[in-house]
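Please open the model in your viewer and keep the selection tool at hand, since this tour moves from one selection to the next and says what is there at each stop.

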Amino acid sequence: MSSNKDVPLLESCIPLPIEETKLLDVVEKAKDWAIMHGAAMRSKAEFNPDVLQFAPFILTPSSFPRKEFEKAIKLQLTLNELMHAVAHDSEFLRDTLKNTIKVDTFTGSLFEIYETVMNEGITQPNSLALLRSDYLANFIDSNAIKQVEINTIASSFGGISTYLTPMHSYILNELGHTDKLANLPENRALSGLCDAMVEAWKIQNRPQAAILFVIEDITYNICDQRFHEFYIRETYPHIQVLRRTLTQISQQGKLGTSKELLLNGQEVSVIYFRAGYEPGHYHGTAEWDARLLMERSAAIKCPSIQYHLAGTKKVQQALAKPGTLKRFISNDKQIGLIKEIFTGLYSLDKAEGGENAIKLALANPERYVLKPQREGGGNNVYGEDIPNALAKMNEEELSAWILMERIFPPLSRGYMVRPGSTEKPEIVDLVSELGIFGTIIGTKDNIVYNKQVGHMLRTKLSSADEGGVAAGWGALDSPYLID
């Protein structure tokens, strides 16, 4: 990657540095604001279910190009439709993943469930998707946004991010910069995501049925999940929300006479997965059986198994191949807009020109990222580590990975505030990743609900490769729009 002196610097929201006495005062207030308003998480290092600590955050909102933010907002409805079409194209999913599932046992297990329910006949034709499309601005291309990935399962931080804008508004007020508030875009991600779940519940027309959240054995990102649950219970008090692990579902779950999902006799008509996206969530056959049980049920799934598969990196790479988008979108203008956000994506499969992709990576590894079929952060291989990783893989294993051109985002500067640090925050170089939330409900042939509902901003040190907040590399933020 280029040295920081070569990277353009976006104009800061406010003049930096902040005078020390004022800085220490506002950091203390901001920490308390975050904890008291739920911008918080449980500690992974010292887990205690009774203790919260504030989530890492950037003290003042980070700058992001207004034109590119607005482009991402406008494009989300089209991306929702694209992913809906992809998820419901069985021929495309089978062809795209046929080699990946031979060597990636996790994706293979998901695909086995998909084939089982397809062969039996889909019980519930409606799917609910809560999507998040992630972007980096690319300074090599005049800060035009490029898509990092699109998340189709457990798209997180809609809850906490909704509170980051009021938090930053408070901080800017305390620092005497109320004039900056007009450039903080409104964010209603929490209500938008929850309203879509409730819309799916209404479509089912089963007044006594509950919404089920499928959760991890231990939930560190508890506030983000509970915000969704509490919003539904407060806004729609007649709708019950259940939280169960895959293990609990395997013990409590069964299908009723009409294939309704019953947990200890309580019917569930909508299932929202916040777990199930990585191998560690499945301890054995019981958890896989629970996933199959849910897929066989009449409940609307978020995501359905086909939507989960549509979010794999291999599918993302296949969509970037010339001519593929025409399979799913007829409007040439929309196709052009989507192509603009794609960066270079290459298959490592020998049958798809993988040898040329490997040559590109070996010739200039700093320009690329190796990505497997995983969500949750921490799985990618970057830069100088790529040649060694490639050397260890055989031909079959390579087909489970994709190669992606690296995006080079502009820098911003600010203060990163992390729990446990007793030192005064210092100004650091940062890069920000924008996530846009979208919701869509429908069958293969009929979309009944399609909305863009909010955003999030994750910001990391410019020296860090990964940026996941829950995984420990990034910090929560909100965008300050600049022209």
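The stops below go through a helix, two groups of strands, some unusual backbone places, the cysteines and two loops.

**Before you select anything**

This is a predicted model, in which local features need pLDDT of at least 70 and side-chain atom pairs count only at pLDDT 80 or more, while totals for chains, interfaces and linings use all residues. Residues are numbered from 1 along each chain as its sequence is written, and side-chain values use heavy atoms, with hydrogens and water left out. Helices (H or I, at least four residues) and strands (E, at least two) are DSSP runs, numbered from the N terminus.

**Stop 1: helix 2**

Select residues 66–87, which make up helix 2, a run of 22 residues that reaches 31 Å from its first C-alpha to its last, close to the 32 Å expected at 1.5 Å a residue; the expected span is 1.5 Å times one less than the number of residues. Now pick Gln76, where helix 2 bends by about 40°, the bend being the angle between axes fitted to the seven residues ending at a residue and the seven starting there.

**Stop 2: strand 5 and its partners**

Select strand 5, residues 127–138, and ask how many of its 12 residues are buried. The count is 12 of 12, where buried means under 20% relative accessible area, exposed over 50%, and partly exposed in between, computed with a 1.4 Å probe on protein chains only. Ser127, Ala129, Leu131, Ser133, Tyr135 and Ala137 point one way from strand 5, whereas Leu128, Leu130, Arg132, Asp134, Leu136 and Asn138 point the other way.

Next add strand 18, residues 427–442, which pairs with strand 5 in the antiparallel sense over 9 bridges; two strands count as paired if DSSP finds at least two bridges between them. In strand 18, Gly442 is the bridge partner of Ser127. Then add strand 6, residues 144–151, which runs antiparallel to strand 5 and is joined to strand 5 by 7 bridges, with Lys146 of strand 6 standing opposite Leu136. Strand 5 and strand 6 form a hairpin with 5 residues between them, and Ser142 in the turn has a positive phi of about 55°.

**Stop 3: an open sheet of 4 strands**

Now select strands 13, 16, 14 and 15, which form an open sheet in the order 13-16-14-15, with antiparallel pairing. Strand 13 (345–347) and strand 15 (381–382) stand at the edges with a single partner strand each, so one side of each is left without a neighbour in the sheet. Helix 14, residues 354–363, packs on the sheet and touches strand 13, strand 14 (368–371) and strand 16, its direction making about 125° with that of strand 13. Contact here means heavy atoms within 4.5 Å, and the angles, which run from 0 to 180 degrees, lie between N-to-C directions of axes fitted to C-alpha atoms, for helices over the stretch in contact.

Strand 13 pairs with strand 16 (residues 402–405) over 3 bridges, and Ile402 in strand 16 is the bridge partner of Ser347. Strand 14 is joined to strand 16 by 4 bridges and pairs with strand 15 over 2 bridges; along strand 14, Tyr368 has Glu405 in strand 16 as its bridge partner, and Val369 stands opposite Tyr382 in strand 15.

**Stop 4: unusual backbone places**

Most residues other than glycine have a negative phi, and most peptide bonds are trans. Select Leu16 and Pro17, which are joined by a cis peptide bond with omega about 5°; Pro17 is in the segment before helix 1 (20–36). Another cis peptide bond, again with omega about 5°, joins Cys302 and Pro303, and Pro303 lies in the loop between strand 12 (300–302) and helix 11 (305–310).

Ala154 has a positive phi of about 55° although it is not a glycine, and Ala154 counts as buried at 16% relative accessibility. Asn205, in the loop between helix 7 (189–204) and strand 7 (210–215), has a positive phi near 55° and counts as exposed at 61% relative accessibility.

**Stop 5: cysteines**

Select the cysteines, and note that the structure holds 0 disulfides, a disulfide being a pair of cysteine sulfur atoms within 2.5 Å. Why does Cys194 not form a bond with Cys302? The sulfur of Cys194 is 11 Å from the closest cysteine sulfur, in Cys302, which is too far for a bond.

**Stop 6: two loops**

Finish with Glu278, in the loop between strand 11 (266–273) and helix 10 (285–296), whose C-alpha is separated by 9.5 Å from that of Gln373, 95 residues apart along the chain. Then select Asn48, in the loop between strand 1 (40–41) and strand 2 (53–54), which counts as partly exposed at 30% relative accessibility.
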